[in-house]
Amino acid sequence: MPVVNRDKCKGKAECTAVCPYDVFEIAVLPAAERAAISFAGRLKGLAHGWKQAFPVRAAACHACAECVASCPEKAITLKRVAAV
Ligand code: SF4
């Protein structure tokens with residue numbers, strides 16, 4: 001499943017465009033989650049309205065890595081999860 005680095009994501013939405021399984025949505029990072037971000041990450045967040053990518057349908061991921069390759073911020077990694 002994809003994991004989005006909150007310090008890096010700028011919500012540029014390339015992942016939403018390339019994912020064949022519609023895993024991502026762009027939304028505003030909740031205020032409660034902003035405190036955990038680095039100072040540089042908070043500056044970025046303020047600059048782009050805190051829009052970030054969220055893997056809201058992560059269970060649909062097929063690990064093709066298109067999102068990893070397309071992200072200009074190198075904000076996405078794939079994490080192996082146990083099958084259920
Ligand atoms: S690895 Fe492929 S299927 Fe999974 S979220 Fe990224 S683009 Fe979508």
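How does the protein's radius of gyration sit against that of a compact globule with 84 residues?

## Overall size and fold

The radius of gyration is 13 Å, and a compact globule with 84 residues would come in near 12 Å, so the two agree. That radius is taken over C-alpha atoms, and the globule rule is 2.2 Å times the number of residues to the power 0.38. Along the principal axes, the C-alpha atoms fill a box of roughly 35 × 25 × 20 Å.

Before going further, a word on what this is: a predicted model, where local features need pLDDT of at least 70, side-chain atom pairs count only at pLDDT 80 or more, and totals for chains, interfaces and linings use all residues. Residues are numbered from 1 along each chain as its sequence is written.

The protein has 4 helices and 4 strands, strung along the sequence as β-α-β-α-α-β-α-β. Both are DSSP runs numbered from the N terminus: helices are H or I with at least four residues, strands are E with at least two. As for contacts (C-beta atoms, placed from the backbone, within 7 Å), take those with a separation of 6 or more: 76% of them join residues 24 or more positions apart.

## Core and burial

Of the 84 residues, 21% count as buried. Here buried stands for 20 or more other C-beta atoms within 10 Å of the residue's own, exposed for 12 or fewer, and partly exposed for anything in between, with C-beta atoms placed from the backbone.

In soluble globular proteins, nonpolar side chains tend to be buried together. In this model the largest nonpolar core has 11 residues: Val4, Cys9, Cys15, Cys19, Val23, Phe24, Ala53, Cys67, Cys71, Ala75 and Ile76. A core in this sense is a set of buried Ala, Val, Leu, Ile, Met, Phe, Trp, Tyr and Cys residues joined through C-beta atoms within 7 Å.

## Strand 4: Ile76 and Thr77

Ile76 belongs to strand 4, which covers residues 76-78. Ile76 counts as buried because it has 23 C-beta neighbours inside 10 Å. Setting aside residues up to four places away in sequence, Ile76 touches Pro2, Val4, Cys15, Cys67, Val68 and Cys71. Ile26 is 50 residues away from Ile76 along the chain, and their C-alpha atoms are 14 Å apart.

Thr77 is in strand 4 too, but with 14 C-beta neighbours inside 10 Å it counts as partly exposed. Beyond its neighbours within four places in sequence, Thr77 is in contact with Val3 and Val68. Thr77 and Pro2 are 75 residues apart along the chain, yet their C-alpha atoms are separated by 5.7 Å.

## Around the ligand

The ligand is surrounded by 13 residues, and the closest are Cys19, Val23, Cys61, Cys64 and Cys67. A residue is near the ligand if its C-beta atom, placed from the backbone, lies within 6 Å of it.

By class, this shell splits into 11 nonpolar, 1 polar and 1 charged residues. Nonpolar covers Ala, Val, Leu, Ile, Met, Phe, Trp, Tyr, Cys and Pro; charged covers Asp, Glu, Lys and Arg; the others, Gly among them, are polar.

## Two alanines with positive phi

Ala13 has a phi near 75 degrees, a positive value in a residue other than glycine. Ala13 lies in the loop between strand 1 (2-4) and helix 1 (14-18), and its 16 other C-beta atoms within 10 Å make it partly exposed.

Ala65 has a positive phi of about 75 degrees, although it is not a glycine. Its loop runs between strand 3 (51-54) and helix 4 (66-70). With 13 C-beta neighbours inside 10 Å, Ala65 is partly exposed.

Technical notes:
Contact = placed C-beta atoms within 7 Å.
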